[in-house]
Amino acid sequence: MEQPLTLAAYFSGWAGSRPARLAIAATMEALASAAVELSDLLALGALAGPMGRLTGRKGDVDEQKEIDLVANNLLIDVLRKAPVAALASEEMEAPLLLDAKAPLLVAVDPLDGSSNIDANASIGTIFTVLPALEHNEEPSAFLQRGVNQLAGGFFLYGPQTVLVSTVGAGTQIFTLDRRSGTFLLTHPKVELPLRTSEYAVNDSNTRHWDDPVRTYIDDCRRGKEGPRGRDFNMRWTGSPVADFYRILSRGGIYLYPGDKRREFRNGRLRLIYEASPLAWVVEQAGGAASTGRERLLEVSPKSLHQRIPLIAGSRKEVEHAARLHDGLQIRGERSPLFSRRGLLRF
Ligand SMILES: O=P(O)(O)OC[C@H]1O[C@](O)(COP(=O)(O)O)[C@@H](O)[C@@H]1O
Ligand SMILES: [Mg+2]
Ligand SMILES: [Mg+2]
């Protein structure tokens, strides 16, 4: 069997301009080195100490655990040696200036799904790489639309440790070869099925949802007997990285919508360092990602830690859910909500 490309060979060989390519390759290698270390640490579980211990809170909703801080510090250490001007992180209120003259910015969710740490479920690191601007220590430098990303994706620490990433030339998956400690290109071109009958949503929020999401999920639940005319399956891990990896591997749709609660008005995921890179790898694999109202990658961030509603996955299904947000009927698929309330009849 032909030897798969290493991460270093792939990223220094893609067709970007030379300075950008070298800077991105060096940054990806730095991120990968942190991921190898983190993956080893996570595999030790309880042997590494109380990783799941609560150390604080971020706002009303999110908890901060010991391991979130360990992951954050690890990323700071490796990115100090990369061509990165500043780092923004879920775990830091403001960006950290690293090398003012460097060409790149990196924003991370150091550990996504860390509420699952004690459950020994898959968790990951989400990252986005953006061009550096003038004042990179300011949060405003990071307020760039997702379409500006130079590289983005996530590491998943599961039975296999993998890197899912894009530089805008499709989505690739690299698998960590533990024997050599290197990531090898195992899936050169990820292709998401256009259609799906599997959705991922936190069902316990049903009573808080707005009508379009409630209608969409109701219609899926009604299966063959309902307006969709087919049965749907449901999966939810509580680690977006794990849900997105499943979706990239076999199709599906992920929804974390905004809902009626004040703190969830804009959903749960953070725009810059969670939703944007997840949306980009999905789009580059032939899928779609929307807020329900617009393409997610077109949203202009207003603040560093802003949340955003996210609906992403198999393209036809995301389009269907987005059309419900437009209040449009889908031909031949009568939504019970609209007919019941008479908002739109046909
Ligand atoms: O808690 P839920 O509703 O299952 O949602 C899944 C989780 O996804 C997350 O985005 C995970 O990210 P973090 O672990 O980085 O906070 C959380 O905000 C949320 O807890
Ligand atoms: Mg997260
Ligand atoms: Mg996190």
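This section describes the domain arrangement, the central sheet, two helices and the ligand surroundings of a predicted model.

The protein is divided into two domains, with domain 1 covering residues 7-187 and domain 2 covering residues 198-341. Their C-alpha centres are separated by 25 Å. To the contact between them, domain 1 contributes 36 residues and domain 2 contributes 28 residues. On the side of domain 1 that touches domain 2, at least two residues come from each of the strands β5 (104-112), β6 (123-131), β7 (151-157) and β8 (161-166). Of these, β6 gives the most, with 5 residues. The composition of this side of domain 1, by class, is 15 nonpolar, 16 polar and 5 charged residues.

An annotation in the UniProt record also bears on the second part of the chain. In an unreviewed entry, residues 193-325 carry the annotation "domain: Fructose-1-6-bisphosphatase class 1 C-terminal". This span is 35% helix and 12% strand, and its end C-alpha atoms lie 23 Å apart.

The strands that supply the domain contact belong to a wider sheet. An open sheet is formed by 8 strands, arranged in the order β4-β3-β5-β6-β7-β8-β9-β10, and its pairing is mixed. Its edge strands, β4 (96-97) and β10 (182-187), each pair on one side only. Within this order, β6 stands between β5 and β7. Strands β5 and β6 run antiparallel and are joined by 7 bridges; in this pairing, D109 has I126 of β6 as its bridge partner. The pairing of β6 with β7 is likewise antiparallel and extends over 7 bridges. Across it, G124 stands opposite L156 of β7, and F127 stands opposite G153 of β7. Strand β6 is mostly covered, with 8 of its 9 residues buried.

Two helices were examined for burial. Helix α4 comprises residues 211-221, and its buried residues are P212, V213, T215, Y216, I217, D219 and C220. Just after α4, G223 adopts a positive phi of about 55 degrees. In helix α5 (residues 240-250), 8 of the 11 residues are buried, and the helix is therefore largely enclosed by the rest of the structure. The buried positions of α5 are P240, V241, A242, D243, F244, Y245, I247 and L248. A positive phi also follows this helix, where G251 takes a value of about 90 degrees.

The surroundings of ligand 1 involve both domains. At least three residues of the shell around ligand 1 are drawn from domain 1 (7-187), and at least three from domain 2 (198-341). The shell consists of 13 residues, of which D112, S114, N202, G238 and R268 come nearest to the ligand. By class, 6 residues of the shell are charged, 5 are polar and 2 are nonpolar. Under "binding site", the unreviewed UniProt entry lists D112, G113, S114, S115, N202, Y254, L255 and Y256. D112, S114 and N202 thus appear in this list and also among the residues that come nearest to ligand 1.

Two further positions in the UniProt list, G113 and S115, were considered individually. G113 is situated in the loop between β5 and β6. Because 22 C-beta neighbours lie inside 10 Å, G113 counts as buried. Residues up to four places away in sequence aside, G113 touches I123, G124, G238, S239, P240, V241 and A242. Of these contacts, P240, V241 and A242 are buried residues of α5, while G124 is the residue that stands opposite L156 in β7. S115 is likewise found in the loop between β5 and β6. With 16 other C-beta atoms within 10 Å, S115 is partly exposed. When its neighbours within four places in sequence are left aside, S115 is in contact with E63 and G238. G238 is thus a contact of G113 and of S115, and G238 is also one of the residues that come nearest to ligand 1.

Methods: Residues numbered from 1 in each chain as written. Chains lettered and ligands numbered in written order. Predicted model: local features only at pLDDT ≥ 70, side-chain atom pairs only at ≥ 80, totals over all residues. Near = placed C-beta within 6 Å. Nonpolar A, V, L, I, M, F, W, Y, C, P; charged D, E, K, R; others polar. Domains from an automatic or database assignment. Buried ≥ 20, exposed ≤ 12 C-beta atoms within 10 Å, placed from the backbone. Helix = DSSP H or I, 4+ residues; strand = E, 2+ residues; numbered from the N terminus. UniProt positions renumbered as here; feature names shortened; annotations may be inferred. Contact = placed C-beta atoms within 7 Å. Pairing = 2+ DSSP bridges.
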